[in-house]
Amino acid sequence: MRRYLSILCQCSLFERIDEEGLMKTLTCLNAQVISCEKGKVIFAQGDKPRCFGVVIHGGVHMITSDTLGNHSVIWSIGQGEPFGETYASAGVEAYPSSFVAAQDSLVLILDCARVLKGCVNNGCLAHSYMVTNLVRSVSRKNLLLTRKLEMVTQRSTRGKLLAYLRIQSKEAKSSRFTIPYDRQTLADYLCVERSAMSAELSRMKKDGLIDYQRNEFILFDSQNEA
């Protein structure tokens with residue numbers, strides 16, 4: 001556990017907690033670090049949410065599946081980011097989505113009930129910070145999911161792509177940026193067919209709205225296009 005403290009201290013969930021305080025709190029909470037091969041289901045859709053995780057290394061996809069076996073990527077979680085905390089803290093009966101390792105990853109697993117209840121070190125400031133940060137994390141996640149809803153409810157594939165690329169450009173603070181998804185995952189994330197999306201990307205490039213090479217994009221002025 002100790003070898004990962006420098007990474008974990010950069011996570012928003014452990015903001016304002018130093019390495020010594022974090023080590024004591026994680027030990028008290030009996031936190032575990034697990035290794036996940038790409039494709040491993042960490043939390044399964046339909047299971048009762050008891051735990052949540054933090055990505056130490058690698059990445060995790062939040063995926064929903066229908067009765068026909070179709071998959072949609074709801075969200076992508078990167079290094080230092082928590083996942084599953086919204087459902088674990090809400091006390092819902094089941095995860096509505098699965099959390100799957102997007103690549104070979106290391107993940108910290110925390111029992112949500114123990115986090116909310118508190119550790120045996122009464123008055124532990126580090127643990128108080130963690131609970132406060134957990135509430136903020138849940139609130140931020142709700143805002144992010146609302147933002148995604150605004151993207152996928154665009155009427156056209158072009159509208160969805162432009163909404164997504166504008167957000168990525170804004171977060172990168174540059175018109176040139178790299179997205180975290182391959183083409184199939186991006187299509188799943190935006191709830192569109194891959195072939196239709198690829199064709200639209202080509203048209204957008206031809207129309208001078210974007211340029212791209214694999215996952216690297218340049219977004220030109222497109223506020224009036226939809």
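Two residues are in contact when they have heavy atoms within 4.5 Å of each other. Keep that cut-off in mind for the exercises below, which explore a predicted model.

## Exercise 1: The surroundings of L219

Find the strand that holds L219, decide whether this residue is buried or exposed, and list what it touches.

**Solution.**

Step 1. Start with the secondary structure: L219 belongs to strand β11, which covers residues 216-219.

Step 2. Next, check the accessibility. Buried means under 20% relative accessible area. L219 has 10%, so it counts as buried.

Step 3. Now look for partners, leaving out residues up to four places away in sequence. L219 touches L162, L165, R166, S169, S175, F177, L209 and I210.

Step 4. Finally, try a distance. From L219 to T153 there are 66 residues in sequence, and their C-alpha atoms are 21 Å apart in space.

## Exercise 2: The protein as a whole

How many helices and strands does the protein have, and how does its radius of gyration relate to the globule rule?

**Solution.**

Step 1. Counting the elements gives 8 helices and 11 strands.

Step 2. The radius of gyration is 19 Å, and the globule rule gives 17 Å for 226 residues; these values are close, so the protein is as compact as a globular protein of that length.

Step 3. For the extents, follow the C-alpha trace along its principal axes: the spans are about 60 × 40 × 30 Å.

Step 4. Turn to burial and surface. Of the 226 residues, 44% are buried. The accessible surface is about 12,200 Å², and carbon and sulfur atoms account for 47% of that.

Step 5. Consider how the chain meets itself. Taking contacts between residues at least 6 apart in sequence, 71% join residues at least 24 apart.

Step 6. Add the charges: there are 28 positive and 23 negative side chains, and the centres of these two sets lie 1 Å apart.

## Exercise 3: F52 and E85

Work out in which elements F52 and E85 lie, and what each of them touches.

**Solution.**

Step 1. Place the two residues. F52 is in strand β3, residues 51-57, while E85 is in helix α3, residues 85-90.

Step 2. Check burial. F52 has 0% relative accessibility and counts as buried. E85 also has 0% and counts as buried.

Step 3. List the partners of F52, again setting aside residues up to four places away in sequence. They are L13, F43, F83, G84, E85, A88, L108, I109, L110, C112, V115 and L134.

Step 4. Do likewise for E85, with that limit on sequence neighbours. E85 touches F52, L134, S137, V138 and K141. F52 and E85 therefore appear in each other's lists, because a contact is defined by heavy atoms within 4.5 Å.

Step 5. For a distance, pair F52 with P96: they are 44 residues apart along the chain, with 14 Å between their C-alpha atoms.

## Exercise 4: The cysteines

How many disulfides does the structure hold, and how far from C112 is the nearest cysteine sulfur?

**Solution.**

Step 1. The number of disulfides is 0.

Step 2. For C112, the nearest cysteine sulfur is that of C51, 8.5 Å away. A disulfide needs sulfur atoms within 2.5 Å, so this pair does not qualify.

Step 3. Compare accessibility. C112 is buried at 2% relative accessible area, whereas C191 is partly exposed at 46%.

## Exercise 5: Helix α2 and positive phi angles

Identify the buried residues of α2, then examine the phi values of N30, K173 and R214.

**Solution.**

Step 1. Helix α2 spans residues 19-28, and its buried residues are G21, L22, M23, T25, L26 and C28.

Step 2. Ask what covers them. The cover includes α1 (5-8), β8 (105-111), α4 (112-117) and α5 (125-152).

Step 3. After α2 comes N30, with a positive phi near 55°.

Step 4. K173, which is not a glycine, has a positive phi near 55°. K173 sits in the loop between α6 (157-172) and β9 (176-178) and is exposed, at 77% relative accessible area.

Step 5. R214 is not a glycine either, and its phi is positive, about 55°. R214 lies in the loop between β10 (210-213) and β11, and with 69% relative accessibility R214 counts as exposed.

Terms used. Residues are numbered from 1 along each chain as its sequence is written. This is a predicted model: local features need pLDDT of at least 70, side-chain atom pairs count only at pLDDT 80 or more; totals for chains, interfaces and linings use all residues. Side-chain values use heavy atoms; hydrogens and water are left out. Helices (H or I, at least four residues) and strands (E, at least two) are DSSP runs, numbered from the N terminus. The radius of gyration is taken over C-alpha atoms; the globule rule is 2.2 Å times the number of residues to the power 0.38. Buried means under 20% relative accessible area, exposed over 50%, partly exposed in between (1.4 Å probe, protein chains only). Accessible areas come from the Shrake-Rupley method with a 1.4 Å probe; for residues, only the protein chains shown count as cover. Lys and Arg count as positive and Asp and Glu as negative; His and the chain ends are not counted. The place of a charge is taken as NZ of Lys, CZ of Arg, CG of Asp or CD of Glu.
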